[in-house]
Amino acid sequence: MKDTKIPYKIYLDEKEMPTAWYNLRADMKNKPDPLLDPATGKPVTAEALGQVFCRELVEQELNETDAYIPIPQEIRDFYRMYRPSPLVRAYCLEKKLGTPAKIYYKFEGNNTSGSHKLNSAIAQAYYAKNQGLVGVTTETGAGQWGTALSMACAYLGLDCKVFMVKVSYEQKPHRREVMRTYGASVTPSPSTETEAGRRILSEHPGTTGSLGCAISEAVEAAVTREGYRYVLGSVLNQVLLHQTVIGLETKTALDKYGVKPDIIIGCAGGGSNLGGLISPFMGEVMRGEADYRFIAVEPASCPSLTRGSYVYDYCDTGRICPLAKMYTLGSSFIPAPNHAGGLRYHGMSPILSQLYHDGYLEARSVKQTDVFEAAEEFARVEGILPAPESSHAIRVAIDEAKKCIETGEEKTIVFGLTGTGYFDMTSYQKFNDGKMSDYIPTDEEIAASLALTPKF
Ligand SMILES: *Cc1c(COP(=O)(O)O)cnc(C)c1O
């Protein structure tokens with residue numbers, strides 16, 4: 001009965017927006033293992049990290065004790081331009097599926113970057129500006145992160161240098177132009193601009209690039225330039241921290257209507273949106289206050305949680321970044337070129353890796369043809385053309401809602417709809433033409449890549 005009172009879209013008041021990010025590590029019993037310095041094999045110091053990252057962000061990266069970290073006013077003002085984001089009750093999808101389940105999605109695609117990435121981009125650019133830096137460098141895969149960062153940098157007057165995975169640079173020219181419109185310079189990676197790029201090009205001529213490789217180039221470009229630091233759009237603790245605005249808003253909105261989710265689902269590339277969405281809920285689990293099921297959804301073509309190993313590995317192909325203990329496919333793993341659905345990173349957030357390892361988080365891998373089928377089904381009834389990445393979460397949300405048809409259970413399912421797919425029409429075209437195929441790496445391929453992880 002109460003349901004009839006729930007609107008299609010739950011918007012929060014500006015006053016209800018979070019004023020602090022939630023740092024889940026403060027409540028985790030088993031903390032993620034520390035980042036290691038690749039040169040010494042010892043935990044990295046704040047000083048060493050400060051060569052690569054902005055000062056304040058290093059503090060956030062290493063902070064395991066403060067549960068709440070205040071969001072500076074300037075960042076909150078920027079958030080107000082496109083937040084709070086709506087939590088939508090998917091009445092139309094429920095009806096179409098004929099499920100007794102109640103489905104909600106938190107939609108992060110309402111800004112030009114088209115995804116949740118702006119939540120962390122503005123924070124990172126803000127701290128860089130605050131430190132008096134000239135600019136930042138970064139990598140981008142599909143282009144959402146680069147776009148988000150270029151928007152944040154334009155707003156704050158910072159220079160922005162983006163290394164874009166070559167295959168995306170060629171397949172997504174419009175993304176590239178959005179970034180340039182916002183004033184960023186965009187270089188296809190691997191490039192001949194950096195030593196890392198030149199080395200990768202000589203070892204793998206004709207490579208279409210990878211995120212790990214673009215990271216190496218961006219880091220090198222930052223440390224060899226005065227007044228520049230490197231910023232990263234996922235994986236790191238600080239990024240997951242900034243993305244907790246997603247989960248905090250979701251929780252406030254649900255609490256407002258007395259709704260308690262049973263299952264919370266998100267797609268997982270490097271793990272930042274999923275980590276941000278589940279953090280406040282996971283915190284309750286950690287403190288023994290509530291119980292939820294959490295599901296991470298990853299592509300079958302890049303299955304770090306479901307088929308990777310939990311070991312220390314390089315965060316980048318060039319092996320110059322700190323080592324992280326995480327679920328990984330090996331830093332040399334590159335998903336098959338026919339993989340169109342994003343989420344291409346070889347590793348997973350150390351926080352999510354630890355949670356998965358300790359049994360708090362489930363993981364599922366899904367084939368891209370099944371993902372696009374779910375995307376299409378969702379788009380036709382809910383009116384939003386979802387990003388392929390987000391559609392991984394849609395796939396599993398639909399699967400779980402269908403299970404409820406069989407069991408008659410009225411489960412409440414919440415999933416993260418991280419963004420829109422307008423720049424992914426080449427992939428949609430492949431799907432519509434029936435030309436999309438699935439490539440699932442063999443055990444041998446994964447083992448070969450994992451064999452190259454460092455031994456400790
Ligand atoms: C980048 C991106 C993701 C994956 O990144 P995470 O760090 O795993 O959240 C998911 N969806 C969209 C739309 C993205 O742009």
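Helices in this tour are DSSP runs of at least four residues, numbered from the N terminus, and the model you have open is a predicted one.

**Stop 1: the ligand**

Select the ligand and then display the protein residues around it, of which there are 18, with Lys117, Ser234, Gly269, Asn273 and Thr418 coming nearest. If you colour this shell by residue class, you will find 12 polar, 4 nonpolar and 2 charged residues. Helices α13, which covers 272-286, and α17, which covers 388-407, each contribute at least two residues to the shell.

Next, look at the oxygen atoms of the ligand and at the protein atoms facing them. A polar atom in the side chain of Ser234 is 2.4 Å from a ligand oxygen, and for Asn273 a side-chain N or O atom lies 2.7 Å from an oxygen of the ligand. At Gly271 the partner belongs to the backbone, where an N or O atom is found 2.8 Å from a ligand oxygen atom. How much of the ligand does the protein bury? The ligand taken alone exposes 380 Å², and 94% of that area is buried by the protein.

**Stop 2: the largest cavity**

Keep the ligand in view, since the space it takes is the largest cavity, whose volume is about 450 Å³. This cavity is lined by 31 residues, and those closest to its centre are Lys117, Leu211, Ser234, Gly270 and Leu343. Lys117 and Ser234 will already be familiar from the first stop, where they were listed among the residues that come nearest to the ligand.

To see which elements form the lining, select strand β6 (135-140) together with helices α6 (144-156), α10 (211-223), α13 and α17, each of which supplies at least two residues. By class, the lining of the largest cavity consists of 17 polar, 10 nonpolar and 4 charged residues.

**Stop 3: the second largest cavity**

The model has 4 cavities of 30 Å³ or more, and the second largest has a volume of about 70 Å³. Select its lining in full: Ser210, Leu211, Gly212, Thr317, Ser331, Ser332, Phe333, Ile334, Pro335, Arg344, Tyr345 and His346. These residues divide into 6 polar, 5 nonpolar and 1 charged. Leu211 deserves a second look here, as it belongs to this lining and is also one of the residues closest to the centre of the largest cavity.

**Stop 4: the largest pocket**

Move on to the largest pocket, which has a volume of about 260 Å³ and a lining of 16 residues, with Ile200, Glu203, His204, Thr317 and Ser332 lying nearest its centre. Which helix gives the largest share of this lining? Helix α9, residues 195-203, does so with 3 residues. The pocket lining comprises 8 polar, 5 nonpolar and 3 charged residues. Thr317 and Ser332 appear in this pocket and also line the second largest cavity.

**Stop 5: backbone details**

For the last stop, hide the side chains and follow the backbone. Most residues other than glycine have a negative phi, and most peptide bonds are trans.

- Select Arg83 and Pro84, whose peptide bond is cis with omega near -5°; Pro84 is in the loop between α3 (73-82) and β4 (87-89).
- Select Ser189 and Pro190, where the peptide bond is again cis, with omega near 5°; Pro190 sits in the loop joining β8 (185-189) and α9, the helix already visited at the largest pocket.
- Select Val235, which is not a glycine and yet has a positive phi of about 65°; its place is the loop between β9 (228-230) and α11 (237-242).

Terms used: Residues numbered from 1 in each chain as written. Predicted model: local features only at pLDDT ≥ 70, side-chain atom pairs only at ≥ 80, totals over all residues. Heavy atoms only, no water. Near = heavy atom within 4 Å. Polar contact = N/O pair within 3.5 Å; in protein donor to acceptor, adjacent residues only side chain to side chain. Areas by Shrake-Rupley, 256 points an atom, 1.4 Å probe, with all protein chains shown as cover. 1 Å grid on protein atoms, 1.4 Å probe; cavity = no way out; pocket = protein on both sides within 12 Å on 5 of 7 lines; lining within 4 Å. Sits in = over half its atoms within 2 Å of the grid points. Nonpolar A, V, L, I, M, F, W, Y, C, P; charged D, E, K, R; others polar. Points joined across faces, edges and corners; volume = space filled by probe spheres on them.
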